[in-house]
Structures are given as structure tokens and as C-alpha cells.
Amino acid sequence: MDGLNPELMRGSLELMVLSVLSDGSKYGYLIQQRLKDASDELVDLKAGTLYPILHKLETKKMVRCRWDDSTGRRRKWYELTAAGKKQLKVRVDEWQAYVECLRRVLGPLADPSPMPA
Amino acid sequence: MPEHEFQIYLSVLSRLVKLDEQQKSAIADELSDHLEERFEELVRSGLDRDEAIRQALDEFGDASGLAVDLTRVSQKRIRRIIMRSGLVTAALLIIGFGWAFLFPPANDALNSEPLLIAQDATSNAQTPAKIALDTDSSDFDEPFLKKKVVVNFRDTPLTDVLEYLSREQEVPILLDAVAVEEAGLLVDEPINFIVEKIRVDQALDLMLREFELTWYIENGILHVTTIEVANEKFLNRSYDVAPFRAAGIAPGTLLEIVMQATDALWEEVDGDGGRVSIVGDVMTIRQPYQVHRGLPQLLGAIANPSAPGRGIYQAEEMACLRELEVATSVNFTDTPLNDVVEFLSRQHEIPIFLDTVSIEEAGLLTDEPISLAMSGKSLAITLRLMLSEFELATEIRSGELFITTIEVANEHLHSVVYDVRKIQDPSQLFEAVPALTSGLWLERDGWGGTMSLTENGLLVVRQTEEIHREIASVLKTFVAKGTNQTPHRVRRTLETRLYRLPSETAEDLQSALPSTIAPETWRGDGPPSPDEDSLAVGTVRKVSVGQKVIELARPKSTSQPVKKTASGNAKKADEKPVPPAPPETIVVSESVLIINQTAAIHNRIDDFLRSLGLDQSALGRKTTKLSGGMSGGGFF
């Protein structure tokens, strides 16, 4: 398989971004790198995709941000809000239920055991 | 620091992002941090400076798509405020965001297009002549209809939208709840409609269309009902024929144009629909409101003999047409169609509207991914390249540039008036235009456009937008090259003559003529023979023109002729002095036979009709030959 199906991925991008923020605040570039590392480079979000997601989470009050000038450049840090943490939990549960459901529906098709000859 | 290159990218992006300065600068700071960090890492990994800059920017993706996304995220914030407010307070909140007036009716803008408003043909009056005569015409000219408003409705119930409109425009509005509910709709269907700067009438058209609803005004009350119900609501509107007569246009031509130039149904032609009749100097048209709306503009364009021949678009539509020719620059990678539309609409500052209903019916999504990088081409060409892959097309409708399916665009015909006075024998256009353009034509293909030529040298064509574009360019060459360059493909010159007759006679003749006079020269209802040498070219059609007072066919005669059909009581008139006598009139149902034939056959038809003893005045009125020097010049 060559990369992930972007159609499949689209629905989970917000979830992935929220999850990366669960262990502490990060700025955009760092979030991008963390997603890349954690997914063995399968998830390589373009900035053009990432920033609209971050801004959307911000308007939905799932993340809050603060500016930091200490590195010499103005840098925008994102962290989860209480609502964001709650949302992350809900979305993880949803995702698990979905995977379970899909596994049951697909049955042997999704089973890694070898196909009969 | 490669700040320069990044700053260029960011300033392009900033220009495209439609947010306030503070938001823009925050976005620029954040993205600049990202670009620089990425650049440093790429340099650390061994790339040279230029290569690192290029790659950092490449990875970022296209600025236009990002700008659209970032703008949209912030706009959603505004929309959400309205949604959260709930149904009860929605109407109140919308006042803040909703129909704010930008400026009063743009009458001046309209009048500046010489073709848009009829000029009195007999005088040089500066003010446009009023062609429509009826006293209740204010229903058609309500000033609020032309006001420009900002519309921002998001999931707002229809009833609230109308209530708001009613209060704001001070017009009573009646929602036909019975018809709406019979059509399976709710009176509080959610309306989603967000447009900057749109005329009230156009906003109504577009908002209601999605639900197959429409509107009309009667006695100052704006009714909102289903299209079906509104189509049965016939209203009379009368027009002064004098300006047309002064422009040299025969009543028959006028009737032909009125009947061909709209979507309207006509009782005699279609079995059901409106009627039109000319009595004296007054033409009365009986049609639903929406049919009447477009007519004054069309008729005005025809009556105006100095028409420059550009069509009868409204000011907003002219703006769209002009903007389509403006060069644009796009760089989309898998950008959803609706975002592309929003981006182009903002960039060109014209309303562009996605015909979501038709698009979704065709099995497409409004967020189909668009990928196109191009610059320097006109908006029209750019859109065509982008849309053709999805079988989508653009058309101008209700003052908006619409993106719809090719199928829908091809069904939507509208009339444009072309000035062909510079073409020596414009009747040749009846063959040349269909031959040199790719449209369908009613006459030839059984469905499609129609053409009429007026005596004052105007060609009225009803076609799709796409074909109008082709026609305009064909006509341009003809006009530019003058008389010698008429296409050699035209072998026989067809002439249209109109014969106004009692309906019964017309019906008999319609079937008798093709079998009696040179049967080999008629082609019936089918398509024309592909053989260019075929003689079968003639057609005969009949249209009803309603009831007619017979004496008016001979306005010149001083004494009242006694009609043979009026024999019984007409003699009584002898006892009274002739002048003050009320005109003895009889009213008969009349039709016009429209015969397309070569001049030679026309003359034989005229002889034949005379031999039947038909009134001389009913005979062949030429409509496609111009009077005076122009047609005379054709012999040289």
C-alpha cells in the first residue's frame, strides 16, 4: 500500500491533531512533525491542511492558544481546553466503536489469515 | 533568513484572506514561523538555500486554497452565532447581519445601458418611454424589488425570512401555506442563503427556486406560492404599439417575437397558457407574473432603433459578462468546488452561485475536488477548463453567474437582441446562423432556439448562453466584413411572410398550402434535408393572436366598410351620420400564418390566396426584408 487513502483519513484528522496535543502544548510545525513520526511518515499533513484544522478547533474552543516571543520569532502554541479533552475522549470512543463495527461487518475479509487456495 | 521569498508568499496569502488586519497578521506570523523552521531543518539536512526555500514553499501548498480555508473557518464563527440563537430570536438577530441596505435602487446604472430601457422612437426624449400602459403596472415596478441588499440567512425558517422581508421592505407578504403544504413542503423550510449585494427580486428568485416556489405581486401584495399555482395566475399587461409602428415593426412581427421570446405557454400553440392580442395601438398580453417581468426589457430593446445590439441583460448581468473576460489567476490542488467558487467570487467581486440542486441531482458533489493552476486566461476560459471535466457549465441567470450542469444550461434559453442593420440581407441569417453555430433550433431540430428579424434590422434570438456567445462572434465577422462576405453556404434566401387570417381559414391553409403549391419545396416538420441542393426548405406555422376587431386591419379607410360576415345589422348604420357613429365592429378569433419560403413560392402563394378571394390586406407582410436602401442594395 502506498500511503493512506486520503478519503479515509479526512474524517480522522481532527482526532489525530487533538491526540497529539494530549501530552502538552505544541506549535504547528511541531504538531506536523509529531504526526509524521507517530505514523511512520504515513500521515504527512501539509501546512495548508493543518492550519485550517487548528483554527477550526480554536473557534470551536477545543484548543486555546498563546503567543510566545521568547525564541526570537512570534510562535503560536496550542493546547487542549477542558472541552477539547472531553471531545478527544468522545472521539476516541467513537473511533473504537467504528473500528469494532467495521471489523464485524467485514468479517473474514479483514482477517489476516491466508485465503483458501 | 530567506525572509524575502516567504514574505512574498505570505503577502499573496494575506491579500486573499478576507479577514480583518489583526487576524491576517496573526496568520502571517504563525505561517512565517512554520516556514522558517522548516527551512532551517531542510538546510540542516543538507539542502542548499534555494532548494530549501523551494521545498518549504512546495510543502506548504497553494496559497489560494489555504486562504479560502482560513477565511472560511473564521466566517463559520459568525454563522454559528446566528444558529445558536435559536428559532425564536433568529429573525431579530438577522437584522444585524441580514438585509442591510447598501445603496438605493440602481436606476441610473440600468438606464446607462442604452439597450436596457426602451427609448421613445418618435422623439429624442431623454427619459425612457414607458411602453407598458396598464395602471396596475406598479406591481411590476415596485421600487423595493430593485434595492440592493446583503443577505445572510443560515437555516432560517422561510416564514421568518418572509416576515423579516415584509417588515424591512414595508410590503405585505402572503405565504400560500395551503399550496406549499400540498407540495409536501413546510412553511418553515430552512433557508440557507448568503450573498453580498443582491437585488431583492433576484434574492427572492434564488431563495425560493430551490423549493420550486416562486412569487408574484398583485395589488401591492407579494404572494409566495408554488410555481404550479403561480403559473395559473394570469395577469394582463398592456403595451403601447405606437413606438413599434414608428420603428417600422409590423404588428405580426411583434406578435411573433412576443410569442417566441419567453418560456411562456400560449393557448393556441401549446393548448394551454396565455394569450396576446393587438387591438388598435394596444397590445395586451395575458400571462403569469414571472413571464411579464422579462418582457418590457425585451420590447424596449426592440422599439429602440438606435440599439447597439448587445442584448437585454440587466446591469448586474452586464457586470458578470464583463468580468468573465477579465484575466484571472488560480492555483488549486484538490480544492473543493464550493471553495473555488467562493474564492473566485470574492476575487472578481461578482456573485457566483452554485446550482446545488441540479449539481446534486446529476450525482455530483458541491465539493468535488478541483485542481488547476493557470494564470493570465480570462475567467470564462478558466471556468470552462475547470468545469468541463464534471460536465458543468456557467450561465448568467437572475444577475448571478451560475454554475450548473451542462444539461440544465442547455435547457435554459434566453432572448438577446442583435443589431444586424449593417448586414445587407439579414434574412440570410436564418440559414447562416444555425449552419455556423452548434445550437439546436426549434425550426430545424424540433427543439431549441428561435430567431425573428424585425423590420428595423434587429435579430431577436432565443438561445442558450453558450450559443449566444457563438452567435455574437459570427455576427461580428459578418458586420465587420460587410455585404460581400455573406457565407456562400446560403443557397436559397428564405423569406418569412405573415398572413393574418381568421383562425379557421388559417388552419385550412396550413394543411392545404404544402400539398397545393409546389409540394416539393416544403419540408414539413422534420429536420431539413442534409442535401444542400434539396428544394424542400419551406415551412408553415400557425400562431393564434387572440381576438381581433376586423376594421382595424384597414385603418386608412375613411368610411366603414361593411363586412360580409356582419351583414344583418350593419345596414342600420346608414340612417346615422357616418363620422360620429360608433365603429361597427365584429370580433373574430384570428391567427397568423408564418410562412418561410423563397420569394418565388411566396408570390405563388399570394396569387393562390387572391384566387380564393381572400382580402388583399391579409396578404403577405414581409418581415425579413428591410425596407429602403438596404434591401435594394442587395441587387448590386
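Helix axes here are lines fitted to C-alpha atoms over the stretch in contact, with angles running from 0 to 180 degrees between N-to-C directions. Keep in mind that this is a predicted model.

**Exercise 1. Work out how helices α3 and α4 of chain A pack.**

*Step 1.* Start with the geometry: the axes of α3(A), residues 28-38, and α4(A), residues 47-59, come within 11 Å. They cross at roughly 115 degrees.

*Step 2.* Now name the arrangement. Angles of 65 to 115 degrees count as roughly perpendicular, so α3(A) is roughly perpendicular to α4(A).

*Step 3.* Add the handedness: the crossing of α3(A) past α4(A) is right-handed.

*Step 4.* Find the residues involved. G28(A), I31(A) and Q32(A) contribute from α3(A), while L50(A), Y51(A) and L54(A) contribute from α4(A).

*Step 5.* Sort them by character: 4 are nonpolar, 2 are polar and none is charged.

**Exercise 2. Decide how covered helix α12 of chain B is.**

*Step 1.* A residue counts as buried if 20 or more other C-beta atoms lie within 10 Å of its own.

*Step 2.* Apply this to α12(B), residues 251-260: 10 of its 10 residues are buried. Among them are P251(B), G252(B), E256(B) and Q260(B).

*Step 3.* Conclude that α12(B) is mostly covered.

**Exercise 3. Judge the predictor's confidence in chain B and in the complex.**

*Step 1.* Take the chain as a whole: chain B has a mean pLDDT of 72, and 72% of its residues reach 70 or more.

*Step 2.* Locate stretches with pLDDT below 50. Residues 76-129 of chain B form one of them, with 95 contacts beyond near neighbours in sequence. Residues 307-312 of chain B form another, with 24 such contacts.

*Step 3.* Finish with the complex, which receives an ipTM of 0.86 and a pTM of 0.48 from the predictor.

Notes: Residues numbered from 1 in each chain as written. Chains lettered and ligands numbered in written order. Predicted model: local features only at pLDDT ≥ 70, side-chain atom pairs only at ≥ 80, totals over all residues. Helix = DSSP H or I, 4+ residues; strand = E, 2+ residues; numbered from the N terminus. Parallel < 35°, antiparallel > 145°, perpendicular 65-115°, else oblique. Left-handed = near helix turned anticlockwise from the far one by under 90°. Contact = placed C-beta atoms within 7 Å. Nonpolar A, V, L, I, M, F, W, Y, C, P; charged D, E, K, R; others polar. Buried ≥ 20, exposed ≤ 12 C-beta atoms within 10 Å, placed from the backbone. pLDDT = per-residue confidence, 0-100.
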